Amino acid sequence: EVGCGTVTLYDQEAQRLQTIRYGRMPEAKKATLQQQLETEARSILALAPTLQRVHLADGAHHNWFLLNEIEQHLPAPSQPPIEIVDYYHACDHLKEGCDAAWGESSVASKAQFERLKTLLKEAEDGAERVIRTLRYQHNKAKGHKQTRLNRELTYFCNQRHRMHYAHYLALHLPIASGVMEACCKTLVTQRFKRSGMAWTIPGGQAILTIRSLIQSDRWSA
């Protein structure tokens, strides 16, 4: 699949200042994309070495592996990088868990989802409270219902250390990967997935490179 990545600068109030977008046609281990993101980060850190680094992605293992690989090749940080799971991806998993426990799109499921997603975002121990609720529902469930709950419980247990959303918000850090989602949509989907389209690797990469420059406000340069 096409790989996308962004490097975004925020001010101290979590207002976005600039986003640099990269897109690469399918490639083993996303090697070129990783190198481009690493080079971009290195050039920014050369000018501002004390910036707080934030790794923001969904729960997919390969995303965290790539981000950690990049980090290992950057200068030592003045403060440890902060890893954050995208809040809305976490909410997608929470909704799956609520539907499994209380019934697909039922009134009870919707009510529990609204309650738990607020706790997840605003309570200091939000992730732990979600985990306790899912574990209780999992322990009393059976069959397919228990299997679904186990999947979502595992997700939250594995990602809990990246889900301190109340703390991140207090530090004015971004908790959602909307910038990345928008990059995938505008850089790739809107141009590459029109009716009847098929792309070669070189042809597609040429378009991605030009669109990346334009969307990063680097075309004139």
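Q: What makes the pairing of the Arg53 and Glu71 side chains a polar contact?
A: In this predicted model, local features need pLDDT of at least 70 and side-chain atom pairs count only at pLDDT 80 or more, while totals for chains, interfaces and linings use all residues. Residues are numbered from 1 along each chain as its sequence is written, and side-chain values use heavy atoms, without hydrogens or water. The two side chains, of Arg53 and Glu71, meet at 2.3 Å. A polar contact is a pair of N or O atoms within 3.5 Å (within protein, one able to donate a hydrogen and the other to accept it; residues adjacent in sequence count only if both atoms are side-chain atoms), so the pair qualifies. The Arg53 side chain also reaches the backbone oxygen of Pro75, at 2.6 Å.

Q: Why is Arg53 called buried or exposed?
A: Its relative accessibility is 8%. Buried means under 20% relative accessible area, exposed over 50%, and partly exposed in between (1.4 Å probe, protein chains only); Arg53 therefore counts as buried. Arg53 lies in the loop between α1 (31-47) and β3 (54-57). Among the residues it touches (heavy atoms within 4.5 Å), leaving aside those up to four places away in sequence, are Leu45, Leu74 and Ile82.

Q: How do you know where the buried residues of α4 lie around its axis?
A: Ser109, Phe113, Leu116, Leu119 and Leu120 are buried in α4. They cover an arc of only 135 degrees (taken from the directions from the helix axis to the C-beta atoms), which puts them on the same side of α4. The face turned away from that side carries the exposed residues Val107, Lys110 and Glu122. The buried residues pack against α3 (87-102), α5 (126-140), α6 (143-159) and α7 (165-170).

Q: Why is Cys4 not in a disulfide with Cys184?
A: The closest cysteine sulfur to that of Cys4 belongs to Cys184, 4.1 Å away. A disulfide is a pair of cysteine sulfur atoms within 2.5 Å, so this separation is too far for a bond. The structure holds 0 disulfides. Cys157 is likewise in no disulfide, with the nearest cysteine sulfur, that of Cys98, 15 Å away.

Q: What makes Cys4 and Cys157 fall into their accessibility classes?
A: Cys4, at 16% relative accessibility, counts as buried. Cys157, at 21%, counts as partly exposed.

Notes:
Helices (H or I, at least four residues) and strands (E, at least two) are DSSP runs, numbered from the N terminus.
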